[in-house]
Amino acid sequence: MSQQKKPNSMVAVWIEPCTVAAPGRAASDAPAAVDAGAGWSVRCVDPAAGWLRLDDAGVTRGDGVFETLLYRRGRIRSVIEHLARMERSAAALALEIPPAAVWEHAIALGLDAFLGQDADGEPEASIRCVATRGAPGTGPACFVTLSPVPARDPDPKPIKVLTLDRGYDSGAAQRAPWLLLGAKTLSYAVNVAALTYAKKHGADDAIFVTSDGLVLDGLTASVVASYRTDNSNAGHTIGGSGNSNDGGSVVLRTPSVEAGGLAGTTVAAVSEAARALDWEVEAVPMRPADLLTADALWLASSVKMLRPVSHVDGVEVGVDAQLHRILSHALEQTL
């Protein structure tokens with residue numbers, strides 16, 4: 001009888017300046033990979049060995065930034081886009097972080113270790129890049145973790161969402177940049193509280209809305225809606241081009257980010273997939289009423305990808321199985 005292989009476990013990679021010693025930190029037997037030109041070194045470490053200090057500002061204040069990427073089918077999706085957004089988020093906090101090439105080096109090192117484990121099948125990995133302000137007097141703490149992704153349901157159950165007031169109007173992002181609207185920071189207490197509220201009131205997730213009624217994004221995902229034209233309804237079959245036999249078509253809409261939403265990398269991939277289907281793609285101001293009239297509505301994220309939505313604020317919305325199947329398949333081709 002063959003021995004059953006173990007599933008992949010978390011892998012961690014620590015990033016630090018080449019000239020920095022690490023007194024007081026847990027030792028690592030793994031050699032450091034040094035990039036002298038960039039001035040940083042990376043090494044695989046034990047994720048449970050205490051590399052992050054207890055007085056790190058990321059722990060005590062949520063002062064830091066992060067990105068989550070997906071490794072699937074031999075490819076890491078949207079690396080350039082994720083790392084560029086991380087740089088923008090860090091700039092908003094005046095936080096100095098390693099250049100993109102160093103993060104890519106760390107990701108590659110961690111991925112080799114992750115895939116080198118004795119595991120069955122074709123593992124997927126959730127890759128999280130994190131940079132904090134660090135402990136007082138130490139400079140930023142930067143690291144990458146790679147964790148296994150649970151088996152994905154090919155036919156996910158539609159979810160119920162609530163729309164919740166984010167507490168800012170649509171002009172706040174421009175008027176008050178210190179609110180960090182549109183930056184992906186470690187300060188997620190509000191998002192966690194919103195999710196707790198949503199679940200307490202019978203929903204699975206929530207979508208933030210500005211105080212003057214514009215849709216922003218989900219708590220950990222972007223909002224994507226599709227609309228069939230008058231000549232393209234659920235009774236028609238959409239061909240490979242995305243157009244129905246009678247000339248009708250589909251429009252995919254996402255909320256514009258000017259009101260303070262996060263520029264989603266998955267939205268970019270979904271939009272690319274929709275254009276490949278010859279669907280129209282629009283980033284426009286959206287209101288909750290626009291969600292109710294969609295033929296199909298999703299929350300889209302890097303790891304969970306497309307989650308169909310069946311109810312918004314207790315009102316049933318369209319769950320078009322054909323549109324979901326077609327867009328999901330097209331998105332798979334971009335990954």
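**Group meeting: a walk from Leu83 to helix α8**

Hi everyone, let's start with one residue: Leu83 is buried, with a relative accessible area of 3%. Buried here means under 20% relative accessible area, with exposed being over 50% and partly exposed in between (1.4 Å probe, protein chains only).

Before we go on, this is a predicted model, where local features need pLDDT of at least 70 and side-chain atom pairs count only at pLDDT 80 or more, while totals for chains, interfaces and linings use all residues. Residues are numbered from 1 along each chain as its sequence is written, and side-chain values use heavy atoms, leaving out hydrogens and water.

Back to our residue. Leu83 is found in helix α2; helices (H or I, at least four residues) and strands (E, at least two) are DSSP runs, numbered from the N terminus. Which residues does Leu83 touch, not counting those up to four places away in sequence? They are Ala100, Trp103, Glu104 and Cys129, where a contact means heavy atoms within 4.5 Å. The C-alpha atoms of Leu83 and Leu69 are separated by 9.5 Å, with the two residues 14 apart along the chain.

Now let's follow Cys129. With the same neighbours in sequence left out, Cys129 touches Val65, Phe66, Glu67, Leu69, Leu83, Met86, Trp103, Ile107, Phe143 and Val144. Cys129 is also among the residues that touch the most other members in the largest nonpolar core, which has 30 residues. Such a core is a set of buried Ala, Val, Leu, Ile, Met, Phe, Trp, Tyr and Cys residues joined through side-chain atoms within 4.5 Å. Elements giving two or more residues to this core include α2 (79–92), α3 (100–115) and β6 (125–132). The most comes from α3, with 6 residues.

Apart from this core lies another, of 20 residues, among them Ala330 and Leu331. Those two are buried in α8, so let's go there. Helix α8 covers residues 321–334 and reaches 20 Å from its first C-alpha to its last, close to the 20 Å expected at 1.5 Å a residue; the expected span is 1.5 Å times one less than the number of residues. How many of the 14 residues in α8 are buried? The count is 10, and the helix is mostly covered. At its N-terminal end, Asp320 caps α8, with a side-chain oxygen 3.1 Å from the backbone nitrogen of Gln322.

Finally, the whole protein: there are 8 helices and 16 strands, and buried residues make up 48% of the 335 residues. Thanks for listening!

Conventions:
Polar contact = N/O pair within 3.5 Å; in protein donor to acceptor, adjacent residues only side chain to side chain.
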